[in-house]
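Hi there,

Thanks for offering to look at this one with me. Here is the structure, and my notes follow just below it.

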Amino acid sequence: MCMEKLYDIFITGDETDYFHYVSPTSYQKIAEAANYHNVKRMGLEMHRMMAELNATWMTASMHLEICEDIYEAGPAEVYVEPMMVNRVLLTQCLEIRRDGRPIARCEINTLCVDVRTRKVIRPETVLEHFGIPVIQGAGSMERLTMPEDMERIEAICVRYSDCDLNQHLRAYRYTDYVCDAAEYWSGAERKKGRHLYIEYMGECQAKQILELYKKDEGTGGTYVKGVRDDGRESFKAYFVVE
């Protein structure tokens with residue numbers, strides 16, 4: 001699929017992590033901002049969706065691939081593929097490049113839901129309402145299957161500052177939780193993150209307690225899941241390092 005350049009960005013020093021590399025969270029923020037910009041560029045403005053369809057977008061899943069370790073701040077470019085419809089998901093694939101080389105790729109799958117009922121609205125309904133062509137995709141990220149014998153590691157209280165305009169925990173905060181649970185930054189030497197898969201299953205709001213569980217696969221992969229204080233799973237993830 002042909003990609004087009006969306007815009008130029010500058011990766012700043014405050015987007016680097018504990019070991020001075022661009023972190024998975026920073027790449028996700030760049031990808032989410034680009035996804036929002038592209039959706040708006042297509043004509044799917046959030047306030048119009050709410051006013052005309054009583055609808056909003058929610059992130060359903062994400063696959064981040066880190067292609068190259070970036071240590072220094074500097075310029076980069078964001079490229080996007082055309083948005084694809086995959087059943088009830090709207091899929092956006094993006095690539096972050098530096099000097100013409102891909103440094104990260106990201107697939108973001110979003111759901112359109114009714115603001116009040118949270119019932120899913122098929123993406124074709126939204127696209128056709130705004131006169132945007134519907135392009136059918138060949139499939140999105142596969143669903144994750146968690147192991148049964150996961151270890152509880154900690155409980156987190158969601159703060160108001162962690163939440164977005166929908167009053168739910170921001171998607172990138174889950175990535176921070178996954179990296180910490182996988183001990184990505186622990187030890188004298190940095191681990192190299194390569195793939196991060198996350199599914200967002202149940203919204204978290206301020207003051208809710210999120211219990212984190214994990215299981216190390218032993219081959220560089222770690223499963224992490226979050227369970228809300230009402231017993232419902234909030235997210236599940238698989239993080240691969242080398």
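**Strand β11 and its neighbours**

In β11, G221, Y223, K225 and V227 point one way, while T222, V224, G226 and R228 point the other way, and all of them are buried. Please keep in mind as you read that this is a predicted model.

How many of the eight residues of strand β11 (residues 221-228) are buried? Eight of the eight are, so the strand is largely enclosed by the rest of the structure.

Now for the strands that β11 pairs with. Strand β10 (residues 209-216) runs antiparallel to β11, and seven bridges join the two. If you would like one pair to find on screen, K215 has Y223 in β11 as its bridge partner. β10 and β11 form a hairpin with four residues between them, and G218 in that turn has a positive phi of about 95 degrees.

β11 is also joined to strand β12 (residues 233-241) by seven bridges, and these two run antiparallel. Here you can look for G226, whose bridge partner in β12 is F235. β11 and β12 make a hairpin too, with four residues between the strands, and G231 there takes a positive phi near 90 degrees.

**One residue in strand β2**

Do have a look at T56 as well, which you will find in strand β2 (residues 55-66). Is T56 buried or exposed? With a relative accessible area of 1%, T56 is buried, because the cut-off for buried is under 20%. Beyond its neighbours within four places in sequence, T56 is in contact with M46, M49, M50, L111, C112, V113, V115 and N166.

Happy exploring!

Terms used. Residues are numbered from 1 along each chain as its sequence is written. This is a predicted model: local features need pLDDT of at least 70, side-chain atom pairs count only at pLDDT 80 or more; totals for chains, interfaces and linings use all residues. Side-chain values use heavy atoms; hydrogens and water are left out. Buried means under 20% relative accessible area, exposed over 50%, partly exposed in between (1.4 Å probe, protein chains only). Contact means heavy atoms within 4.5 Å. Two strands pair if DSSP finds at least two bridges between them.
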